[in-house]
Amino acid sequence: MKRTDREKELSRRTISRRALVFGTMQLGLASGMLWRLRDMQLNQSEQFRLLAEENRINLRLLPPIRGLILDRNGVILAGNEQNYRVVIKRDDAGDIDLVLSRLAQLIPLTEEDIERARRDMLRNRPFVPVTVAERLSWEEISRVAANAPALPGVTPEMGMSRHYPLRADTAHVVGYVGPVSERDLEALDSPDPVLFIPRFQIGKSGVERMQEDRLRGRAGSQRVEVNSVGRVMRELDRVEGTPGSNVHLTIDARLQNFALERLKGQSAAAVVMDVSNGDILALASGPSFDPNLFVRGISSRDFNELLNNDYRPLVNKTVQGMYPPGSTFKMVTALAALDAGVTDGRETVFCPGHMDISGHRFHCWRRGGHGRVGMVSALSESCDVYFYEMSQRCGIDKINEMSTRLGLGIRYDLPITSVAAGLNPTRDWKQANRGAAWRVGDTVNASIGQGFVLTTPLQLAVMTARLATNKAVLPRLVRDPLDRGNQELAQLDLRPEWLRLIRQGMNQTVNDRRGTAYSSRVVADGQVMAGKTGTSQVFSISRAERESGIRRQEQLPWNRRNHALFVNYAPLDNPRIAVSVVVEHGGGGSSAAAPIGRDIMLAALNEGMPPLSAYPAPQRNRIQFELDEMRERLHRPEDLRLSRA
Amino acid sequence: MSYLEYNTRQMPAGLRKVLYLNWPLVALLIMVACYGFVMLYSIAGGSLTPWAEPQMKRFGIGLVLMFVVAFTPLWFWRSIAGLAYIITLLLLLGVEFFGTVGMGAKRWLVIGPLRLQPSELAKITTIMALAVYYDWLDLKKVSHPLAVIGATLIALVPVLLVLRQPDLGTAMLIAAGGGVVVFAAGVHWGYFAALIGSAIAVVTAVLQSRGTEWQLLKDYQYRRIDAFLDPTLDPLGAGYHINQSMIALGSGGWSGRGFMEGTQARLNFLPEKHTDFIFTTLAEEFGFVGASSLLLLYLMICALCLLTVLRTTNRFGALLVMGVVGNFFLYFAVNMAMVMGLAPVVGVPLPMVSYGGSAMMVLLIGFGLVQSAHIHRARLPS
């Protein structure tokens with residue numbers, strides 16, 4: 001519309017005025033923003049910069065490589081294996097269920113695995129990688145990698161995991177590792193931060209647990225720059241950790257393998273010891289189990305199977321199993337009598353097959369009796385009456401003292417779990433634990449290793465080594481690599497003439513026609529052994545059973561039969577090796593335990609395999625068959641991987 | 001203004017128009033755009049692709065477009081204002097019925113090879129329509145209630161159509177541009193007092209309606225409001241953007257962390273770092289110096305435009321420029337306030353700097369109109 005000049009002027013004025021008002025408002029608002037900028041960027045910038053650094057820098061622990069556990073020759077008993085695993089990140093995956101179901105078509109995944117992965121993912125922040133499957137083969141991992149486009153958020157990764165290449169062989173000695181539990185953490189005052197790394201594993205039993213500090217090493221750390229979804233962009237700096245130290249055991253992997261195979265089918269234990277320094281060459285407890293199952297996380301079905309097995313595979317019978325030593329204890333009683341001076345060892349005692357003591361009849365194992373026996377023949381023929389007599393003369397205190405001197409009833413400090421002390425019964429012990437005074441019958445029972453006496457196979461091996469050397473042999477399981485020499489062993493100071501009698505008795509046990517282990521003798525030169533059988537009663541055959549016709553051990557149910565024991569050392573003239581064998585409910589020591597002790601001894605003396613020539617000629621055909629069959633089951637030499645170090 | 005008023009003796013014509021162009025304004029616009037190129041180059045990790053190069057090309061095209069608009073006589077723009085406004089409304093309705101959906105909103109209209117965003121167009125045409133309206137209206141009737149209702153309708157129809165898409169940011173800018181024109185035209189103060197009063201009432205209503213059947217905003221918009229009121233409430237959720245933005249901005253300090261050294265942007269802690277949050281990256285990498293200098297450049301652009309307003313007697317031209325300035329000011333003010341944590345997160349980019357073609361085109365067309373008003377201004381009798 002046409003406007004007058006006055007109107008134009010009015011319009012111009014109004015607009016100018018309002019433009020200036022508007023401009024002032026703009027200036028005000030802009031000043032406000034400038035003030036805010038100044039406040040944030042100049043006054044609070046330090047604080048914000050700190051927040052930005054926190055955002056971008058992430059400290060990560062680098063788990064150390066666990067030390068190896070090696071046998072005496074450097075064979076790997078516990079090693080680390082590279083394993084491939086698949087991890088998944090929630091925020092990259094999108095539809096978790098879809099991705100997991102696709103993954104299940106490529107690699108074996110159980111419902112349990114999928115459920116666990118989903119739970120882990122929901123529990124963690126979305127960018128935290130969660131392991132779905134571990135220990136995949138190269139083939140499986142390549143399948144995952146090849147299908148990566150269809151699997152958003154899934155990455156194949158490589159990690160280290162514990163592996164026991166000899167599987168069941170050293171399960172009881174080496175033990176196994178497992179994930180850190182709440183209980184493990186509570187037990188520590190200031191837990192190593194490395195324990196909080198998800199899926200970090202620590203020793204749960206055996207050497208793995210007892211030598212944890214040496215094996216674990218120290219964690220390194222890595223500062224990385226991460227982006228907003230937690231992905232690592234670059235490494236800023238890195239402090240390398242220290243790998244764990246290797247632990248060298250005294251165990252000989254081949255001998256251990258042989259011993260365990262020799263025990264197959266029995267619930268039994270065998271200990272092989274180098275008598276010169278106490279090195280434990282084999283510590284076999286059969287049946288054993290595969291420790292790799294525990295590393296992977298054992299299924300409850302497998303675990304229950306192990307737990308409910310009558311032969312108790314989870315128990316390390318060599319150090320945990322406590323057995324009445326039976327006749328293998330007779331050396332202790334004999335030495336106690338000699339030490340007490342109640343016999344010169346040459347006098348004879350008449351054995352009519354039994355002895356009546358304070359109104360109770362104690363039987364000899366041979367009902368008909370042994371006739372007149374001296375100390376040597378009492379040992380070799382295992383006459384009970386002789387020791388009933390000697391124990392009454394010297395008393396329990398002397399027996400107890402000698403037992404301790406020979407290494408029984410002592411808890412040895414070995415780096416394995418649950419080492420038992422056994423039991424050397426004393427008068428005080430009985431008063432305290434049974435609330436009754438010691439009676440002469442208790443002494444008589446103890447004299448033949450029955451009654452309250454309990455020993456472990458390890459202790460029996462120590463005893464045998466001490467008898468063979470007259471030195472205070474101490475068992476040793478870990479070799480300090482710096483100290484390869486023999487440990488200084490204290491003298492036992494048993495009189496040589498006493499030991500001559502004992503050793504003669506043990507010699508005749510094996511090598512005399514009337515000895516209880518004559519059928520297990522060794523004929524090879526320089527490998528002849530001495531030993532002692534033992535049969536310890538677990539239950540006596542009841543009157544009712546006797547009346548129903550049960551006379552022999554084989555007729556009883558397995559778990560009521562006697563334990564069979566055998567201890568031996570060899571070579572006779574210059575002992576190197578001591579062996580003890582316990583076969584739970586094996587029946588008789590001479591029939592069940594002695595052949596095992598002989599074979600293990602021969603394997604120890606001959607680097608892994610007994611030579612056929614060491615056996616008496618008439619037995620060779622049968623033994624050859626047995627050995628050939630066993631050789632099939634043993635590890636081949638190439639299975640024993642040596643550590644490069 | 002009509003052709004009859006066009007005084008050939010006072011108005012520059014032909015190539016002489018180039019001399020009368022507001023060159024300082026052109027220079028300032030180029031400088032601001034350069035800030036954008038530098039930041040887009042930095043955010044891409046030192047690369048012209050994918051953002052800096054297309055942005056430069058668009059800016060070049062936009063600049064040409066601005067000159068074309070600037071040299072076109074102002075009366076032409078006045079005469080097509082009404083038509084442009086009606087076409088815009090039709091396009092907005094078209095979006096309503098045939099629009100394509102992207103990012104949770106219906107904003108684009110695809111006609112053959114063209115992808116139009118009519119809401120951007122509405123920013124300009126609404127201003128033009130209101131400027132024509134007040135140029136036509138009798139000065140004495142400016143504050144008449146009916147006249148005010150008429151102006152409100154002109155502004156409100158496109159605002160409501162854009163709100164329905166929904167695009168809160170653009171709707172606000174259209175309303176702001178329109179509001180400034182109405183304000184400059186001389187409508188009585190009382191109306192603005194009433195408007196502010198009712199705005200408070202609306203805010204209350206919006207907040208009250210949450211969770212009821214007649215909820216006025218989308219849930220995500222409410223969450224943004226919550227996050228604005230207390231960003232630390234949910235640092236990984238709705239407050240995440242504001243928190244990270246403030247960390248980046250604050251950590252810049254006096255002179256910044258250096259070109260291409262901003263960790264927050266480079267490591268993706270910043271959302272939308274090349275569009276809505278580009279100012280944060282600038283503040284992080286160039287610090288207070290970089291951020292405040294950009295703010296000053298913006299203010300100088302506003303000042304130059306206001307100077308044009310003061311120097312013209314042409315009512316249409318003055319109101320048009322006021323509208324463009326109002327729109328432009330609110331544009332960068334809302335964006336900056338948002339990244340500084342002074343305003344809720346609404347999807348408003350930083351004008352001339354953020355990556356995005358159509359928004360920059362529309363801005364440059366707007367400044368073309370400012371230039372046209374400048375060149376073709378009715379000069380004061382000296």
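The exercises below, each with a worked solution, concern a predicted model with chains A and B.

**Exercise 1. Extent of chain A**

Decide whether the radius of gyration of chain A agrees with the globule rule or departs from it.

Solution.
- Start with the secondary structure: chain A holds 23 helices and 22 strands.
- For 645 residues the globule rule gives 26 Å, whereas chain A has a radius of gyration of 37 Å.
- The value is well over the rule, so chain A is more spread out than a compact globule.
- Then take the principal axes, along which the C-alpha trace of chain A spans about 155 × 55 × 50 Å.

**Exercise 2. Extent of chain B**

Apply the globule rule to chain B and state what the outcome is.

Solution.
- Chain B has 14 helices and three strands as its secondary structure.
- A compact globule of 382 residues would have a radius of gyration near 21 Å.
- The radius of gyration of chain B is 21 Å, which agrees with the rule.
- The C-alpha trace of chain B spans about 60 × 50 × 45 Å along its principal axes.

**Exercise 3. Burial, surface and contact range**

For each chain, find the share of buried residues, the makeup of the accessible surface and the share of contacts between residues at least 24 apart.

Solution.
- Burial: 53% of the 645 residues in chain A are buried, and for chain B the share is 56% of 382 residues.
- Surface of chain A: about 30200 Å² is exposed, with 48% supplied by carbon and sulfur atoms.
- Surface of chain B: the accessible area is about 16000 Å², and carbon and sulfur atoms account for 71% of it.
- Contact range in chain A: among contacts with a separation of 6 or more, 73% are between residues 24 or more positions apart.
- Contact range in chain B: 73% of the contacts between residues at least 6 apart join residues at least 24 apart.

**Exercise 4. Charge placement**

How far apart are the mean positions of the positive and negative charges in chain A and in chain B?

Solution.
- Chain A carries 87 positive and 75 negative charges, and their mean positions are 2 Å apart.
- Chain B carries 24 positive and 17 negative charges, and their mean positions are 12 Å apart.

**Exercise 5. Nonpolar cores**

Identify the residues with the most contacts inside the largest nonpolar core, and list what B:Y134 touches.

Solution.
- Background: nonpolar side chains tend to be buried together in soluble globular proteins.
- The largest core contains 120 residues, and the most contacts inside it belong to B:Y134, B:F279, B:M336 and B:F367.
- Beyond four places in sequence, the contacts of B:Y134 include B:V142, B:A151, B:V181, B:V182, B:A185 and B:V187.
- B:R315 and B:L319 are also contacts of B:Y134, as is A:R3 from chain A.
- A separate core has 98 residues, including A:V295, A:L338, A:F387 and A:W438.

**Exercise 6. Backbone exceptions**

Locate two cis peptide bonds and two residues other than glycine with positive phi, and place each in its loop.

Solution.
- Background: most peptide bonds are trans, and most residues other than glycine have a negative phi.
- In chain A, the bond from A:A570 to A:P571 is cis, with omega near -10 degrees. A:P571 sits in the loop between β21 (563-570) and β22 (577-583).
- In chain B, the bond from B:Q165 to B:P166 is cis, with omega near -5 degrees. The loop holding B:P166 runs between α6 (145-163) and α7 (168-184).
- A:N470 has a positive phi of about 60 degrees. This residue belongs to the loop between α19 (457-469) and β19 (478-479).
- A:H585 has a positive phi near 50 degrees, and the loop between β22 and α22 (589-605) contains A:H585.

**Exercise 7. Classifying residues by accessibility**

Classify A:N470, A:H585, A:E212 and A:N400 as buried or exposed, and give the contacts of A:E212 and A:N400.

Solution.
- The cut-off for buried is under 20% relative accessible area.
- A:N470 is at 14%, so A:N470 counts as buried.
- A:H585 has 11% and is buried.
- A:E212 has 7% and is buried. This residue lies in helix α10 (residues 212-216), and beyond four places in sequence A:E212 touches A:R66, A:I202, A:G203 and A:V207.
- A:N400 is at 17% and counts as buried. Helix α16 (residues 384-405) contains A:N400, whose contacts beyond four places in sequence are A:N424, A:P425 and A:T426.

Terms used:
Residues numbered from 1 in each chain as written. Chains lettered and ligands numbered in written order. Predicted model: local features only at pLDDT ≥ 70, side-chain atom pairs only at ≥ 80, totals over all residues. Heavy atoms only, no water. Core = buried A, V, L, I, M, F, W, Y, C linked by side-chain atoms within 4.5 Å. Buried < 20%, exposed > 50% of the residue type's maximum accessible area, 1.4 Å probe, protein only. Contact = heavy atoms within 4.5 Å. Helix = DSSP H or I, 4+ residues; strand = E, 2+ residues; numbered from the N terminus. Rg over C-alpha atoms; globule rule 2.2 N^0.38 Å. Areas by Shrake-Rupley, 256 points an atom, 1.4 Å probe, with all protein chains shown as cover. Lys, Arg positive; Asp, Glu negative; His and termini not counted. Charge placed at Lys NZ, Arg CZ, Asp CG, Glu CD.
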